[in-house]
Amino acid sequence: MKNTTPSGTGNPIDRVEGHLKVRGMAKYASEFPVSGKVYAQAINSTIAKGEITAIDTSEAEKQEGVIEIITYKNAEKLKRYDEELPSLLPDVIQPVLQSPKVHYYGEYVGLVVAETFEQAQYAARLVRFEYRTEEPRIHLDRQRSDAYKPEESSDYSRGDVAAGMAEADEKVEVTYHTPIEHHHPMELHAIIASWENGEVKAYASQQMIDNAAITIANTFQIPKEKVRVIAPYVGGGFGSKLHAKQHVILAIMAARKIGRPVQLTVTRQQMFTNTNFRQQNEQKMQLGAKKDGTLTALVHETLSHTSTYEEYQESCGTVSKMLYKVPNNKVSHRLVPLNLQTPFAMRAPGEATGSFALESAIDELAWKLKMDPIEFRIKNDTQTDPSNNKPFSSRLLTECLRIGADKFGWERRKMKPGAQQEGNWLIGYGVSGASRAAPYRETSSKVKLELKGGKVYATIQMDATDIGTGSYTIITQTASEYLDIPVDQVSVELGDSLFPVTPGSGGSWGAASYANGARVACMNAIRELNQKLNTDEDLSIQALLEKNELSSYETTGTAKPSEAFKKHSVYSFGANFAEVWVDKDTGMYRIKRMVNVGACGKILNPKTAFGQIIGGLTMGAGMVIAEQSRIEPKYGNFITRSFADYHVPVNLDLANIDVVFLPEEDKIANEMGVKGIGELGITSVAASIANAIFNATGKRMRDLPITPEKLI
Ligand code: MOS
């Protein structure tokens, strides 16, 4: 049927939930008015390694309003992790308060429940713990001899890197460092948990509803059907809310113990110690190329850390396997167990940090070859993924570089560092390629149709989340397009485990998965209504209902990756261009402008997509200019514990940003041709800025963040 709605996918309509957001009516987890709810405050350990030897709750118990104090001594016994270091599998469980052992500074050691938030917070300070303290292991550098190969190893090699390096005319052998970074979504992690008739109900700020329900069910050993997770609006996640963390379990445990709904909010300071972070990485790169720019070898070795009780690795080498046609390639990751909480996914885990190393090293080698860094990249471009020999479903990296160069005015760039100056400012141009996998996962959706007053109204339901990304809007547009009805006749209901299962928002798979899932449900409705009439006339959805003499109809649909998807490497591509001005004397620098070009399939909504890239670029700029979490060297606590000391970019830090999407529909990626953009933006911003700084100053900045003192 010919689509007549101007509001279908591809149109920059306003966010459908925008008016709810600005009026404060889009409820976050802690805003639900659950009757009889009480408040909890978690208590953090004040040592990084050792054991609790005594707990005195007497003072806290006496305080007004205090209902319950939970420590490992009286906590419900939960399903345990294995004693060995396990990796974070999808059926992850989250035990908490199960033993007197302390593994990192700030680990939860207790919970106070009181009638009011203030009472809980006050009493929490009065619970006294005594510890037997052991020397914590908190230095990646000092502990490097403990490095081991992760169980879920992502080591990879092809060809012979030694031979490849021997063949090279020019080589780069350098090491890049990136620090621990924390994700700080606007909405704090929070939950209101209650138990009724053996069932859990949780309003919880989570990115993936089904995953949260599974974790809760596994931890409390109840069927998943007895867990309801609700999160209609989520104020950001960046990976920190992918899994249900320990506070979720704490609140549910407390609710069962006292028989009342319990609200628990992780404070901003606790988000430094209890909701994971991006790990510190040391990335050793070796690259070799022939005089003509042909890459002969690429080695990417990452040293990082995990906790002493779980295994997580940020795969920095992912991009180095697939971005360039290089016959000899080796990628490895090693981990050192430290007394810090387990690191976990933060926006483009592996790609953001790995691309900083790769795309900086590419720039270093281009400089040695006296080649333009764009031409060097294009010379080694490929339409076949060298890591698995699968064709890319679509790959417009060269186009991103060429079009970006044009838009940015790359021809004005001087190859020689410091050749462009204005007053005290050294002006540099930098570029970086970008790539991020564009996954797509099985997604189900329900569509309910209602014929009212001569109009068809549709409601789409799925357990998808909108973490600020625009899920409501793109799902609305999809239903509007495939049912051919205006957007104001479409309602979308998300974030409830009662709705059909989706993969949730993470890994840049949300938009593609949700849109395709909603599409299949709508197409099923049309097909089924046609079948009932035994017709294949091109009838409107309204005529279909009327001819069937139905005033309402509902059905479901499931979209999943096709065989073609599995036979291809499916990635989004991009390029980022940065102009940076560095003050000669102070090392202060300004990111004057950036041009970002993305080739990421069909853009469902240019306005929300633009927002995703801007957000990614901002986080990428944050990696370069300021973000780093510092650890107190003796006790192992984070000393950067608020926005006063953990700096993130502000408007002034990012002057002009231009975002371009290349027109593309990748029908191999999925039926709607959509690829992910959530993580593409952040990938490689860092390298483009560092490369611009080199172009301005002749100084290679290999350690993030690049603070002014490093430039003088
Ligand atoms: Mo993302 S780090 O998969 O939320």
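This is a guided tour of one protein chain, going from the whole fold to single residues.

**The whole chain**

Begin with everything displayed, and keep in mind that this is a predicted model. In cartoon view you should be able to find 16 helices and 24 strands in the chain. The radius of gyration is 26 Å, close to the 27 Å that the globule rule gives for 712 residues, so the chain is as compact as a globular protein of that length. If you turn the C-alpha trace along its principal axes, it spans about 80 × 70 × 50 Å.

**The domains**

Next, colour the chain by its domain assignment, which gives domain 1 as 18-27 + 441-560, domain 2 as 32-135 + 185-237 + 241-272, and domain 3 as 364-438 + 566-711. Now hide domain 1 for a moment and look at the other two, domain 2 and domain 3, whose C-alpha centres lie 38 Å apart. Where they touch, seven residues of domain 2 are in contact with seven residues of domain 3. On the domain 2 side of this contact, the residues divide into four nonpolar, two polar and one charged.

**Helices α11 and α12**

Bring domain 1 back and select residues 471-483, which form helix α11, together with residues 510-533, which form helix α12. Two packed helices are described by the angle between their axes and the distance between the axes. For α11 and α12 the angle is about 30° and the axes are 9 Å apart, which makes α11 roughly parallel to α12. Their crossing is right-handed. To see the contact itself, show side chains on both helices: among the residues taking part are Ile-474, Ile-475 and Tyr-482 of α11, and Tyr-514, Arg-519 and Met-523 of α12. Sorted by class, this contact has 11 nonpolar, three polar and one charged residues.

**Helix α16 and its two partners**

Move on to residues 685-697, helix α16, and add residues 351-369, helix α8; their axes come within 8 Å and cross at roughly 35°. The crossing of α8 and α16 is right-handed. Here Ser-355, Phe-356, Glu-359, Ser-360 and Asp-363 of α8 meet Ala-686, Ala-687, Ala-690, Asn-691 and Phe-694 of α16. The residues of this contact divide into five nonpolar, three polar and two charged.

Keep α16 selected, and replace α8 with helix α15, residues 606-625, which packs against α16 at an angle of about 50° with the axes 8 Å apart. The helices α15 and α16 are therefore oblique to each other. Their crossing is right-handed. Which residues of α15 should you pick out in its contact with α16? They are Leu-617, Gly-620, Ala-621, Met-623 and Val-624, and they meet Val-685, Ala-686, Ile-689 and Ala-690 of α16. This contact of α15 with α16 has eight nonpolar residues, one polar residue and no charged residues. Ala-686 and Ala-690 deserve a second look, since they appear in the contact with α8 and again in the contact with α15.

**Two backbone details**

For the last stops, zoom in on the backbone. Most residues other than glycine have a negative phi, and most peptide bonds are trans. Follow the chain past α16 to Pro-705, which lies in the segment after that helix, and inspect the peptide bond leading to it from Leu-704: this bond is cis, with omega near -10°. Then go to the loop between β3 (66-71) and β4 (101-102), where you will find Leu-97. Although Leu-97 is not a glycine, it has a positive phi of about 55°.

Definitions and conventions: Residues are numbered from 1 along each chain as its sequence is written. Axes are lines fitted to C-alpha atoms, for helices over the stretch in contact, and angles run from 0 to 180 degrees between N-to-C directions. Helices (H or I, at least four residues) and strands (E, at least two) are DSSP runs, numbered from the N terminus. Angles under 35 degrees count as roughly parallel, over 145 as roughly antiparallel, 65 to 115 as roughly perpendicular and the rest as oblique. A crossing is left-handed if the near helix is turned anticlockwise from the far one by less than a right angle, and right-handed if clockwise. Two residues are in contact if their C-beta atoms, placed from the backbone, lie within 7 Å. Ala, Val, Leu, Ile, Met, Phe, Trp, Tyr, Cys and Pro count as nonpolar, Asp, Glu, Lys and Arg as charged, and the others, Gly among them, as polar. Domain bounds come from an automatic or database domain assignment. The radius of gyration is taken over C-alpha atoms; the globule rule is 2.2 Å times the number of residues to the power 0.38.
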